[in-house]
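Colleague: I should like to learn how to read a model of this kind. May we begin with confidence and then turn to helix packing?

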Amino acid sequence: MTTSSSDSPLTEAGGLAGAHGGHDGEAWRTVEAALPALPALRSLQRAALGIYGRLEPDRALVWTVEELGELAQVVRRDEGHARLEEELGQLATWMLCLANILNVDLAAAVESAIREEIERQLAKYGKLTPYQPGRRSND
């Protein structure tokens, strides 16, 4: 985990809001406002390392997929909010463990994925177009 928020791709060149104007500028400002949460994610990742250590990648992957399956069951069976929180929390914890095992800075990876999705939507639609139920998607 070597990426810090100061060398983040979202904060380079004076920040995103300054680099993008118009409607997309608001999207970048929203992302920039969320960046202070990234150190907390890094702290959680370090804490997970201290609690779980580094399992073998195959074993951790199996447990992660198992948690994803349990989450899918909770969603399909509509087992309630408490069960959703429990399974999402367990899945998120295993994602932190996998990131540790694979030496990935999860905060940087999440930041990069969000940045790439914003850029994809802006390139394709000229604005952010989050999915809305009932709206047809061309993707």
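Modeller: We start with pLDDT, which is the predictor's confidence in each residue, from 0 to 100. This is a predicted model, and the mean pLDDT of the chain is 81, with 80% of its residues at 70 or more.

Colleague: Where in the chain is confidence lowest, and where is it highest?

Modeller: The low end is helix 1 (residues 16-19), with a mean of 41, while helix 5 (residues 81-101) has the highest value, 96. Over residues 1-21 the pLDDT stays under 50, and the model has 38 contacts beyond four places in sequence for this stretch.

Colleague: How many helices and strands does the chain have?

Modeller: There are 6 helices and 0 strands. In sequence order the pattern reads α-α-α-α-α-α.

Colleague: What share of the residues counts as buried?

Modeller: A residue is called buried when its relative accessible area is under 20%. Of the 139 residues of the chain, 29% meet that criterion. The accessible surface of the chain is about 8,900 Å², and carbon and sulfur atoms account for 58% of that area.

Colleague: What do the contacts say about separation along the sequence?

Modeller: One takes the contacts between residues at least 6 apart in sequence; in this chain, 61% of them join residues at least 24 apart.

Colleague: How should I read the angle between helix 3 and helix 6?

Modeller: Angles over 145 degrees count as roughly antiparallel, and 65 to 115 as roughly perpendicular; those under 35 are roughly parallel, and the rest are oblique. Helix 3 (residues 38-52) and helix 6 (residues 106-125) pack at about 140°, with their axes 8 Å apart. Helix 3 is therefore oblique to helix 6. Helix 3 contributes Leu38, Leu41, Arg42 and Gln45 to the contact, and helix 6 contributes Leu106, Ala107, Ala108, Val110 and Glu111. By class, these residues are 6 nonpolar, 1 polar and 2 charged.

Colleague: At what angle do helix 3 and helix 5 cross?

Modeller: Their axes cross at roughly 80° and come within 9 Å, so helix 3 is roughly perpendicular to helix 5. From helix 3 the contact involves Leu41, Leu44, Gln45, Ala48, Leu49 and Tyr52; from helix 5, Thr93, Leu96, Cys97, Ala99 and Asn100 take part.

Colleague: Which residue classes make up the contact of helix 3 with helix 5?

Modeller: This contact has 8 nonpolar and 3 polar residues, and no charged ones.

Terms used. Residues numbered from 1 in each chain as written. Predicted model: local features only at pLDDT ≥ 70, side-chain atom pairs only at ≥ 80, totals over all residues. Heavy atoms only, no water. Helix = DSSP H or I, 4+ residues; strand = E, 2+ residues; numbered from the N terminus. Contact = heavy atoms within 4.5 Å. Buried < 20%, exposed > 50% of the residue type's maximum accessible area, 1.4 Å probe, protein only. Areas by Shrake-Rupley, 256 points an atom, 1.4 Å probe, with all protein chains shown as cover. Axes fitted to C-alpha atoms, helices over the stretch in contact; angles between N-to-C directions. Nonpolar A, V, L, I, M, F, W, Y, C, P; charged D, E, K, R; others polar.
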